[in-house]
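Grab a pencil and work through these exercises with the structure open beside you. Try each task before you read its solution.

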Amino acid sequence: TWHLKKIPQIVRERTFSLDSPKFEAKTKLELNSVCGIECQRKLPVPSLSDLKNLLSYETVFENGTRTLTEVNVLGAVPDPAANTTTRRPLRKKRQIYGTDSRFSIYDKKFMTNFPFNTAVKISTGCSGILVSPKHVLTAAHCLHNGKDYVKGSKRLRVGLMKTKSRGNGRKRKGTSDGTPSFQWTRVKSTHIPKGWFKGVSGDIALDYDYAVLELKRPHKRKYMELGISPTIKMMPGSMIHFSGFDNDRSGQLVYRFCSISDESNDLFYQYCDAEPGSTGSGIYLRLKEPNKKKWKRKIIAVYSGHQWVDINGEQQDYNVAVRITPLKYAQICFWIHGNDENCTQG
């Protein structure tokens, strides 16, 4: 069952203009030497002043201008066991673990209907998910490498799967009627938390690898609601689901589900089969609504991708997702609505 939680408040304090970004960074779909499982265990629990700094955010607009918004955090209770994880054996280098359990969605009825139609492609090579009539949730590293915005993010676009058709029944030259293809929409602005630029470890911290894009015009289709990420114990079979556009299956929407193995307060560690291109996908659960027999899907994490980390002096890999905690829910909800009034319960 989805359990309602009281959400901390994110309150805007000051907004400053910044120099325009250079947009010169290269897009990396794999991140090296980031703070991983071992590193997470050693991190201090963020203080209130840390949280205010980490949850302040940059906004980049379509014309290249950039602002920094400082925020205050009200009602946040730090978790003393924030970074505990369960120790597991190390894994060998691979992204497809054993049998490839991914499903390509070929049927156009599935591709263009809920929940699969909420998956979108980002022009920098990642995936994302629709979270409002005008907003897309994705991974921060799809837009920014921790130091500068990536080249393709200056004229950022979002691709939504749509079925090609002609009203008069004639086929276009070289195409067939009813073939799903991307309809591209320009992005008006992007929001990235400051925690992505300066992680609590002094290096890039995956805890803040999320971003929200505002589209220039509404997409007019059903979107996925946000949910607070429950603990593994509260998930049926510890199972998660997500769909994205993996690079090795060009033009196909790829769906997968798997169980989560480890968790920290901010991250899920899992063995979902995935390839570059699916990073930024929205991870969702299907749980019952309180006091109702209805089931509802909600996004509870953002797939950050296949990552390399230093563990005991060796490079090890895993697939990781950034959990939507009450604080992150408050921030993403604030970005979508522009106020905290619509974000009191999650």
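**Exercise 1. Find the bridge partner of K121 in β8, then follow the pairing onwards from β8.**

Keep in mind that you're looking at a predicted model.

Step 1. Start at K121 and look across to β8: the bridge partner there is G159.

Step 2. Now zoom out to the whole strands. β5 and β8 (residues 157-163) run antiparallel and are paired over three bridges.

Step 3. Move on to β9. β8 and β9 also pair in the antiparallel sense, this time over seven bridges. One spot to check is V158, whose bridge partner in β9 is T185.

**Exercise 2. List what V158 touches, leaving out residues up to four places away in sequence, and find its place in the largest nonpolar core.**

Step 1. Collect the contacts. V158 touches V120, K121, I122, V136, Q183, W184, T185, V187, L213 and L215, with residues up to four places away in sequence not counted.

Step 2. Look at the core. The largest nonpolar core has 65 residues, and V158 is one of the three that touch the most other members, along with L55 and L137.

Step 3. Ask which element gives this core its largest share. That's helix α4 (residues 326-337), with eight residues.

Step 4. Don't stop there: a separate second core holds 16 residues, including M235, C272, I283 and Y303.

For background, nonpolar side chains in soluble globular proteins tend to be buried together.

**Exercise 3. Is β2 mostly enclosed or mostly open, and which strands does it pair with?**

Step 1. Count the buried residues. In β2 (residues 57-61), four of the five are buried, so the rest of the structure largely encloses this strand.

Step 2. Check the pairing with β3 (residues 66-74): it is antiparallel, over four bridges. Within it, V60 has R66 as its bridge partner.

Step 3. Look at the turn. The hairpin of β2 and β3 has four residues between the strands, and G64 takes a positive phi near 95° there.

Step 4. Now find β9 (residues 180-193). β2 and β9 run antiparallel and are joined by five bridges, with Y57 opposite P193.

**Exercise 4. Which residues of helix α2 are buried, and how are they arranged around its axis?**

Step 1. Go through α2 (residues 48-55) and pick out the buried ones: L51, L54 and L55.

Step 2. Look down the axis of α2. Its buried residues fall within an arc of 85°, so they line one face of the helix.

Step 3. Recall the helix geometry. An α-helix has 3.6 residues a turn, so residues three or four places apart point the same way.

Step 4. Find what covers that face. The cover of the buried residues of α2 includes β1 (9-18), β2, β3, β9 and α4.

**Exercise 5. Where is T124, is it buried or exposed, and what does it touch?**

Step 1. Locate T124 in the loop between β5 (119-122) and β6 (127-130).

Step 2. Apply the cut-off: buried means under 20% relative accessible area. T124 has 12%, so it counts as buried.

Step 3. List the contacts, again skipping residues up to four places away in sequence. You should get T27, C142, V150, G152, S153 and L156.

Step 4. Zoom in on C142. The side chain of T124 reaches the backbone oxygen of C142 at 2.9 Å.

Step 5. Link back to V158. T124 and V158 are 34 residues apart in sequence, and their C-alpha atoms are 9.2 Å apart in space.

**Exercise 6. F23 and K220 have positive phi values; which one is buried and which is exposed?**

Step 1. Take F23, in the loop between β1 and α1 (37-42). Its phi is near 55°, and F23 isn't a glycine.

Step 2. Take K220, in the loop between β10 (211-215) and β11 (225-226). This residue isn't a glycine either, and its positive phi is about 60°.

Step 3. Compare accessibility. F23 has a relative accessible area of 8%, so F23 is buried. K220 has 79%, so K220 counts as exposed.

**Exercise 7. How many helices and strands does the protein chain have, and what share of its residues is buried?**

Step 1. Count the elements: four helices and 17 strands.

Step 2. Check burial. Of the 346 residues, 54% count as buried.

Step 3. Turn to the surface. The chain exposes about 16200 Å², with carbon and sulfur atoms supplying 49% of it.

Terms used
Residues are numbered from 1 along each chain as its sequence is written. This is a predicted model: local features need pLDDT of at least 70, side-chain atom pairs count only at pLDDT 80 or more; totals for chains, interfaces and linings use all residues. Side-chain values use heavy atoms; hydrogens and water are left out. Helices (H or I, at least four residues) and strands (E, at least two) are DSSP runs, numbered from the N terminus. Buried means under 20% relative accessible area, exposed over 50%, partly exposed in between (1.4 Å probe, protein chains only). Accessible areas come from the Shrake-Rupley method with a 1.4 Å probe; for residues, only the protein chains shown count as cover. A nonpolar core is a set of buried Ala, Val, Leu, Ile, Met, Phe, Trp, Tyr and Cys residues joined through side-chain atoms within 4.5 Å. Contact means heavy atoms within 4.5 Å. Two strands pair if DSSP finds at least two bridges between them. The arc is that of the directions from the helix axis to the C-beta atoms. A polar contact is a pair of N or O atoms within 3.5 Å; within protein, one must be able to donate a hydrogen and the other to accept it, and residues adjacent in sequence count only if both atoms are side-chain atoms.
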